[in-house]
Structures are given as C-alpha cells and as structure tokens.
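Colleague: I would like a close look at the interior of this protein, and then at the parts that surround it. Please take your time and connect the pieces as you go.

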Amino acid sequence: TKSEPELVNNTSNLTAQKEIDLKLLNLKVCKDDTAICVLPVQCPAHFYLENSSIERCQIPNSNRSRICCRTGQNHTDEELISKRRSSQYEEIDTDFLREVAHDGQTKASALRSRESDLLSMKNPPILHIGSPSYGHFRNRRVLSDLPQVVNLANKAMEIALATRAFKDRQGLSRKDLEWNMLPRGQKNSLLKINCPALMKCPPILQKYRRIDGTCNNLRYPRWGAELTALSRLLPPSYEDGIWAPRLSSESGLALPSPRLISTTLFTDIDARNEDYTMMLSHFGQFISHDIALSIDITFPNGKPISCCTKNGSSILPPEHLHYACMPIEVPVDDPFYFKYDVRCMNFVRAALIFREDCSLGYAQQMNKVTHFIDGSMIYGSNSKELRHLRTMEGGRLKMFDDYGRVLLPLTKKRDSCLTMEKGSACFDAGDFRVNQNPALVALHTLFLREHNRIADELWELNPYWSDEDIFWETRQIVIAEIQVIVYKEFLPCLLGESTMQEFELNLAGPDSYSFDYNPEIEPSILNEFSSAAYRAGHSMIDGILKIYGRNRVEEMISLSEIIQQPSRMRKWEFFDEILTTLTTESVQQVDSFISESLTRYLFKSGNPFGIDLPATTIQRGRDHGLRPYNDYRQLIGLPIIEEFEEFGPEFGNKLSQLYNSVDDIDLWVGGLLEEKDSDDSVLGPTFRDIIADQFRRLKKGDRYFFENGPEINPGHFTLEQLSELKMKTSLSRIICDNADGIMLRRQASNAFKKPGVYENELIPCDSPHFRSIDLRYWKD
Ligand code: HEM
Ligand SMILES: [Ca+2]
C-alpha cells in the first residue's frame, strides 16, 4: 500500500519537473516569456514577419538555429487577424450575407445542372474502363459511402462559390483570403443552414480510440477524423485566393506544363541507397495509406470525369469540360507520348470539404481516412468499413484460406483489379488502394495475419473474453506495434538521428510513459506533407522487383506490369519471396531519377503507355494550392533561392528554361532537386522538416498514442506491456511471426537497413535473442 501513492506522486512530479525545466529554458532563451524556442517549421506564422523582427534563439543539445515563437503551430497569428477582422466587418449586414449565400447556392446548382447536361450527352465525358487514367481513378475514388461524400463535397463547393461572391462584392484581396480575414461566428450564420451539427463527445473517455478518429481531442472532437480537411503549414496560393490554380508570379501566365517539367528533369537511372532496403519506400507507402487519401471529384453517380478526348489527342472543348477538370498538357514533341499522339493527360481536381462551422474561406481538400496512425488501412476509417472486415468471432478479421495459406479476403467490389476472373485474386482491406502493387498487398497480408495471430493468442489466454473484447484489445496492440515500427525503426532511417532528436520524435525509455501529449497540437495531415513532401517516396521506387528462388534470381518483375494485379499472391512461395526482396534489396535514392514505370507506364494495363506520376504530383500540388518551393525554404529557415544556378549548372539551366522565375518552382520539384545537408537523412532539409513536423504532430497530438500514460490515455498499457511492446516489436519480428516459412527463415534485426551493413546481421527467426512480445502480460 505504501508504494502506490508514491508511484502516483512520482509521475506527477515528473510532469511538474518537466514544466519547470521548460519554463527555465524559455526564460533564458526568449525575451518574450510567452514565446517558446522552436524550429522555424514549428512556427509557421513567422513566415509573414519581417526578417528583422524574428528573435533567434538556441537551446541546449541542439545544433540548429531556432526562433522565439508566440503563435504556436498555426500558420496565422490569430490575435492579429481577429483585430483586423473585427474592424473590417463591423458593418456587414445580414441581408448582404443572405445574398452571398444565395449566390453560392445559385452558382452551385448551375454547376450541378451542367453536370447532368454533360452526362446526358451522346458520348458523355466519362473515362473508359481500360484506360490508364481509369487505373489512376481506381486509386482515388470512394466505393462505399459515395452519396455522403458527394454531398459533403458539393456543400464545400457551394461555400467556395459563396466565398467568391463575398470577395467580389467586398473587393477583398488575395491576401485577405489567404489570411482568412473573413467574418466568423454569428454573422456568418446564414451559411449554417444545412450545416451538420457540431460533434459532441461523451463526458467519459472511451478506452479504445474510435474507428473514425473522432473524440480523440475533447475540445476539437473532429480533429484527425475521417472526412475532415487537410491542414496546412502555410496558407494556400490560389490565383483568386479561393480555388483557382496559381499562375506564374512574374508574368501572370500559366506555369510550365507538369509533363514538360517531368521529361526535362527526371530520368530513369538506377541509383541505389546502399544503407537501406526497399522496405523503406514500401512500408512508407503502407503508412501513407493509413494517414492520407484525397479523392477525385466525380459525377454525382460516381462515374469518373474525363477531361481529354478518348484517344488523348486533345483537351475537350470548353463546353464539354467538367468544372473539376485540370488536364495536363503534353507537348507536341514529347519524347515518349509523341509516338501515340497523346497531347492530353487526364487530371481531375480533388474533392473539397467545408470548415466545421460552414464559414467562408479558401477551399480545403478532404482527407477520406483518419489522419492518425491508427491502422485505418487495416481496419477501415468508419464502422461500416470495419463491420465488413470482421468475422465477429474471436476478435478476428476475415481472411481467405488459400489451401492452408492465409491471404486477405477476396473482394466482391467489381473492377477493383484488372482481372477478377476465377483463379485470380483481388483483395479487400481497410483501404481500397490495397491492390495497387504486390509489395503493398504483402504488407497488408502481413498485418492481417499479425492481427489474427494476436487475437487467437489472447483468446487462448482469456477464454472468457468476448469477440468485442478480443477485437479491440488486439487492434490496440497492432496499432501500438505500427507506432513502434514507425518511430523506432522507420523514421530514424528516413529522417536521420539528429532530426529525430531535434523534433523529439524518439520514444521514451522502455519502462516509461511519454509526457508529450499536447491537446493544442493539431494532428491532421498537412497538405504540404501529403501532396508534396511525403511523395518523395515516389523517387525511392525501383521499377523492377527482383524475386529470388532458392538458388538464383527467379524472376525480374516489372512494376508497371503488375499494378492492380495481385494474383501472384496465390503462388505458394510468393509471400516469402517478396518479403525477402523487400528486406534485402536496396532502395532507390531520393533524387531526380525516377522509374519509367512511374513516369511513362503507370496504370498502363495492356495499353502501350500509362500515366506520368511525377507530372500528376506536380499538378496535384497546384490543385491543392501549395505555395512555391521558395516559400517553404523561407518557412524552414533556409535562405531563399535567388538564381536558378543555385541548383547547380545542369538543373539550373533546365529549371531556367522551364520556369519564368525562381519563385515559381513547384514544391515537389524543388524539394527533390534540393541538395542534402550534412545530416544523415535520405531527404533534403525542406522535405525532411515538413515530414518531421508531421510525425511530431501525429505523436504529440494523439491522445491515444500508445506511449501515453493513465492521465492522458484512457486505454493506456501497463508499464510491463509497454516495455514488452517497445523492446520486442520490430518489423522483422512481425515478418518472422507471420511469413510462411517456406523461403524465409531469417531476418536482419532491422528490416529497413541492408543486412550486413551496420552490424545488421541476419538472425534465424527461431533464435532465442529475437523474440515476439509475450502476450501473457495481457492475461486478465
Ligand atoms: C509502388 C509505388 C507507388 C505507386 C504506383 C504510387 C502511386 C500513387 C498515385 C497514383 C497517387 C495519387 C496521385 C494523385 O493523383 O495525386 C499517389 C499518391 C501518394 N503517394 Fe504514392 N505511389 C507509390 C509509392 C509511394 C511511396 C513509396 C510513398 C511514400 C513513401 C507514396 C506516398 C504517396 C502519398 C503521400 C500520396 C498522396 C496520398 C493522398 O493524399 O491521397 N507513394 N501515389
Ligand atoms: Ca489512419
């Protein structure tokens, strides 16, 4: 009895001590004692300040220059804005707002009726199923809750149009909109007609995180939930301040064609990173599907919009062009597409979502999945998706027993894969992109098996537990394992050890809870992260998957030939083989070399050509209003680029031919070509800091982060369980526990590091030094 209160005291003492430490630290480093000393990317509002008014600071154990920050992670200084806002909007009357709202509605219904005109044409502009662009659409559509998503996106469009009307009548500038200098609260109430009610959470916290991500933050119950907006580091750059894609800053003309940028800068050359395995890129993609999914605008019936003529020879005439079209122009002399007379690559803009209070403002893109790292690619992002995946017995997930080997359940959703005949396979998972490539299917299969393995063991240990008990407990363990892998194994390789420290991304010691939770940190996925920085992964992809047989290279699979065709998973050895490839072959470097399987042949599916993913990514950045590269350099505290030559003679020259001004360079382009600094990251500093900041938000802004203790996390682990999870979880161990054991019996201790490099030797799966977590700590 004596030790118990002591324990409680100890933890609160620790928290208090930490607060005092922080206060002392700040007093010393910043003149303004309401400010804290942070890395520039963590204080986006400084972007607006004159350089001279930024107070620099330094903290112990950090080599990087920091700034004194008063505004926190918001990209706008709310205090400043509310002052300007209130003086500007005192006079606005309700009649005026009524007109604006009405205007939005009228314009939105005009768009709807044009849509139905297009649909009733003899040849409506709909993508046909065998085309490469349809393959693209397969990765960007909703299958299950279409009507709901269409409704939300339409409402968002109506509000964007009302914002435009408001802007025109009030003569607002683009900057006013970027800063969100718009009426808030009561005055804006007219738009709230038909606005969904604000969400409320039960006063008592639930033990397990909700499947849709709601009620994680009690003050902002929808933070991180599915169907909410991507957030941003910096305000968007739209030509009209609302949704129109940006133009060249100097000439006001169109920016260069993304396809031209792609052919000018990117070539397919094999340049490996000899330190890390292909798992770095493919696990990276698996995680991206946990946290981000933006979807295309479609016709109301869910049909995919086409912006080009059927053979791709030109853009559709304006009268046939859907409002969401932003097709990519392919130059006449394109080195590849000229052979096929392709002049137009389809591109449809991403679906929008409105602010929770339905207020006016610039367009925001929707995230269809939960922003948190919560295994939503395994379990789905809402209860309907989850219900579909569970067996409702023993806490298990549905699977397909293929002659004794466990695979993902077969999907019934038509045209999820290229072939769905008998003997082939096409799978279901929490995220519908699962079938995109075989490495992704393998990772999904791995975690499905891990879930069922743990569920079975828990049931054996706790025979009285119900299906519900076992399911939620297992899910909580699997999510914890993913979080351990991300923060302990994956991020240190991607970002480097010093960045892990600067951003406080390392896990606490094995026997300790974390005290990092901060309810003021917004966990949402940043637009800059999902639409640019994290897509650096596309440069890490190898177009060839080398499959080893027992003694020799058995097969060289070309990635573009097996996209959306996962039937190989049914081959007896394939699961072991691909896991072996992923954990032994080198990953490609992040650079200007990108596989032709992505720049020419993506989603070709029987056609002689496919789509260009880099071009699509650049166009996506403009669709989402990402600011140019230089702005993000400034944000993270780097000097801005003043001359193209700063990219070196080759790229300097090429870039100057493409862009009118260094201030036009797209974020994804600049970030990829950026020189790495002395740090140990595989990324240049701009992408590195954006990604580090994102994973910091996902850790510190998640109440249910597995390391959080009893004061924060209602479903916290015991210290024994926590230590078990932190000490023993590794991707290698999970592979050992769930591989078929046909071709794979050994793993290096770190699946992301090349075996043999840095003492990362291969260890037999059954070695006593290489054990799985002991689930007896979960016995009731
Ligand atoms: C096998 C290789 C891959 C293929 C074929 C692929 C394909 C795609 C496609 C078609 C999109 C949608 C593009 C758009 O319309 O905007 C996309 C988005 C994305 N990709 Fe990849 N990708 C691959 C690997 C990766 C990797 C390795 C990463 C990161 C490590 C990654 C991160 C992302 C992210 C963050 C998005 C945005 C997701 C969203 O918000 O919707 N991808 N990818
Ligand atoms: Ca998620």
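Which residues have the most contacts inside the largest nonpolar core, and how many residues does that core have?

Modeller: The model is a predicted one, and everything that follows should be read with that in mind. Its largest nonpolar core has 186 residues, and those with the most contacts inside it are A160, L280, L352, L491 and I691. Among the helices and strands, it is helix α12, residues 467-495, that gives the most to this core, with 16 residues. To see what one of those well-connected positions meets, take L280: leaving out residues up to four places away in sequence, L280 touches C493, L494, M540, V587 and F752. Another core lies apart from the largest one; this other core has nine residues, and C37, C43, C57 and C69 are among them.

That second core leads to the strands at the start of the chain. An open sheet of three strands is found there, in the order β1-β3-β2 and with antiparallel pairing. Because β1 (36-38) and β2 (56-57) stand at the edges and have a single partner strand each, one side of each is left without a neighbour in the sheet. Between β1 and strand β3, residues 66-69, there are three bridges, and the two strands run antiparallel. Within this pairing I36 stands opposite C69 in β3, and C69 is also one of the residues of the nine-residue core.

The division into domains helps to place these parts. The chain is divided into domain 1 (3-72), domain 2 (92-256 + 355-366), domain 3 (258-276 + 537-569 + 588-684) and domain 4 (376-536 + 689-778). For domain 3 and domain 4, the C-alpha centres lie 27 Å apart, and the contact between them takes 33 residues from domain 3 and 35 residues from domain 4. On the side of domain 3 that touches domain 4, the elements that give two or more residues are β5 (272-277), α17, α18 (629-636) and α20 (667-673). Of these, α20 gives the most to that side, with four residues. By class, the side of domain 3 that touches domain 4 has 15 nonpolar, 12 polar and six charged residues.

Helix α17 deserves a second look, since D623 has its place in that helix. D623 counts as buried because it has 21 C-beta neighbours inside 10 Å, where 20 or more are needed. Leaving aside neighbours within four places in sequence, D623 is in contact with P245, M326, R349 and A350. With P245 the separation along the chain is 378 residues, yet the C-alpha atoms of D623 and P245 are separated by 5.9 Å. The same helix appears again around helix α7, residues 258-265, in which P258, R259, I261, S262 and T263 are the buried residues. Those buried residues of α7 pack against β6 (328-329), β7 (344-345), α16 (596-599), α17, α19 (648-658) and α20.

Ligand 1 can be described in a similar way. Of the 24 residues around ligand 1, those that come nearest are G284, Q285, A292, G537 and R620. At least two residues of the shell around ligand 1 are supplied by each of α8 (279-291) and α17 (613-623). Sorted by class, this shell has seven nonpolar, 14 polar and three charged residues.

A pair of strands later in the chain shows how covered and uncovered positions are arranged. Strand β11, residues 544-548, has L545 and I547 on its covered face, whereas I544, K546 and Y548 form the uncovered one. β11 pairs with strand β12, residues 553-558, in the antiparallel sense over five bridges, and the two strands form a hairpin with four residues between them. In β12 it is S558 that serves as the bridge partner of I544.

Finally, two loop residues have backbone angles to note. N180, found in the loop between α6 (174-178) and β4 (228-229), has a phi near 60°, which is a positive value in a residue other than glycine. N180 is partly exposed, with 18 other C-beta atoms within 10 Å. E504, in the loop between α13 (497-502) and α14 (527-531), likewise has a positive phi, near 50°, in a residue other than glycine. With 12 C-beta neighbours inside 10 Å, E504 counts as exposed.

Conventions
Residues numbered from 1 in each chain as written. Chains lettered and ligands numbered in written order. Predicted model: local features only at pLDDT ≥ 70, side-chain atom pairs only at ≥ 80, totals over all residues. Core = buried A, V, L, I, M, F, W, Y, C linked by C-beta atoms within 7 Å. Contact = placed C-beta atoms within 7 Å. Near = placed C-beta within 6 Å. Nonpolar A, V, L, I, M, F, W, Y, C, P; charged D, E, K, R; others polar. Domains from an automatic or database assignment. Pairing = 2+ DSSP bridges.
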